[in-house]
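Ready for some practice with a protein model? Take a look at the sequence and structure below, then work through the exercises at your own pace.

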Amino acid sequence: MYYKKILTAVSIFMLAHIYAQQGKDSKFGNGLFNIIGKDSTWSMKMSARMQFLATAEWDSNKDGLYNPTSSMLVRRARLKFKGFAFSPKLKYKMELGLSNRDISGASEHTGNAPRYILDAVIKWNFFQNFELWFGQTKLPGNRERIISSGDMQLVDRSLLNSRFNIDRDMGVQLKHHFNLSDKFIVKEALAFSQGEGRNVTVGNLGGHQYTAHLELLPFGKFEGKGDYVGGDLKREQTPKLAIGMSYDFNNNAVKTRSNQGTYMVNDEGYYQTNISTFFMDAMFKYKGFSFMGEYSYRDAEDPFAKNSDGTLTGEIVQVGSGLNLQSGYLFSKNWEISGRFTNISLDKKITGKGTENQYTIGLSKYIVGHKLKVQTDISYLDIATATNQLMYRLQVDIHL
């Protein structure tokens, strides 16, 4: 206890000293503090955010609703640190997840370690419009996944994202952009990663993962990086459009969803197969109206996990396609109504799963943009080979 008190006192002293360097007053939603070293060789912005979620679900059939369930939880609780070191051309970002949902997923395959680290990455602008990233962060996959969970238009991401996204991984990314004209912008990204997902502690189990991304912005930049923010909170005064495409190849993947899903364990250790994923998406915004569409497709060289003698283990790569369409309109007092349709069509002959169609209607009140908001939505999930479901959600989101 004595040492804990000393550590606490030292930490408070150091924080006060650091803040005395060059502290800047922050508005609500712009970080807890934002400091720059006296010699301008480093900076740090620290912020925190929380999401509180209440959910109610019912099974549904032609006779009505039954079997109700409900839950309330801290959906997300996170700390974020970012800034530059040595030079403004060398940036860093670290994001920690503290809620049970953020850190869950520890297993023998990852050293039984809790998954606190979401992002830990450095970004080096080494030449003109070229930037090299190294560390653990989101891969350049589907747009909905890259949009922060704090900037979503609805309570949470769609079923397409949960079934097909390639999430975070450890590796290297090269990013670049250029102009075809005064307004037309082209962005490219290449990524080489471990292929096992985030917070792997036991080394590479299969091959490696390769991702390529191309994005076109024919009408110029969105206000406030709105091509990766849900809803048109900036009320674009001229039409803005972004079109993106990504291709991901995971060589000798050992999980059922590329670098996500369950491990395909067999009598020799892990079953390995090549898995490819394709994404195509678009974002459009104009005067409070927004539209986002995404298509995804996953395939595998041999989707059936096998033992050394050819017998099936029971694990299957989740091959198939997904479609997500969502739109919304922001009214004058920052109330937004939105809707979403999601179709999941896994290959039934391979996975044994039927088509899923989900319909969602949402209502959001943006008190201070995405930094302080209340969101609610109701979804109906139509499952071809199982019981349909009705879900209601209410969420409060606050960013400091």
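**Exercise 1: a shared acid**

Asp-156 and Arg-75 pair up through their side chains in a salt bridge, at 3.4 Å from N to O. Before going on, note that this is a predicted model, in which local features need pLDDT of at least 70, side-chain atom pairs count only at pLDDT 80 or more, and totals for chains, interfaces and linings use all residues. Residues are numbered from 1 along each chain as its sequence is written, and side-chain values use heavy atoms, with hydrogens and water left out.

Task: work out which parts of the chain Asp-156 and Arg-75 link, and find where Arg-76 comes in.

Step 1. Recall the rule: a salt bridge is a side-chain nitrogen of Lys or Arg within 4 Å of a carboxyl oxygen of Asp or Glu.

Step 2. Place the partners. Asp-156 sits in the loop between helix 3 (143-146) and helix 4 (159-164), while Arg-75 belongs to strand 4 (residues 64-85), 81 residues apart. Helices (H or I, at least four residues) and strands (E, at least two) are DSSP runs, numbered from the N terminus.

Step 3. Check Arg-76. Its side chain also meets that of Asp-156 in a salt bridge, 3.3 Å from N to O.

Step 4. Check burial (under 20% relative accessible area is buried, over 50% exposed, in between partly exposed; 1.4 Å probe, protein chains only). Asp-156 has 14%, so it is buried. Arg-76 has 3%, so it is buried too.

**Exercise 2: a pair with more exposure**

Task: are Asp-302 and Lys-306 buried or partly exposed?

Step 1. Find the pair: their side chains form a salt bridge of 2.7 Å, N to O.

Step 2. Read the areas. Asp-302 is at 26%, so it is partly exposed. Lys-306 is at 23%, so it is partly exposed as well.

**Exercise 3: an arginine without a salt bridge**

Task: what does the side chain of Arg-298 have within reach?

Step 1. Locate Arg-298 in strand 17 (residues 289-300).

Step 2. Look for a charged partner. Arg-298 is buried but has no salt bridge, and the nearest side chain of opposite charge, Asp-248, is 7.9 Å away.

Step 3. Look at the backbone instead. A polar atom of the Arg-298 side chain lies 2.5 Å from the backbone oxygen of Gln-318.

Step 4. Scan the contacts (heavy atoms within 4.5 Å). Not counting residues up to four places away in sequence, Arg-298 touches several residues, among them Arg-163, Phe-164, Arg-257 and Gly-320.

Technical notes: Lys and Arg count as positive and Asp and Glu as negative; His and the chain ends are not counted. A polar contact is a pair of N or O atoms within 3.5 Å; within protein, one must be able to donate a hydrogen and the other to accept it, and residues adjacent in sequence count only if both atoms are side-chain atoms.
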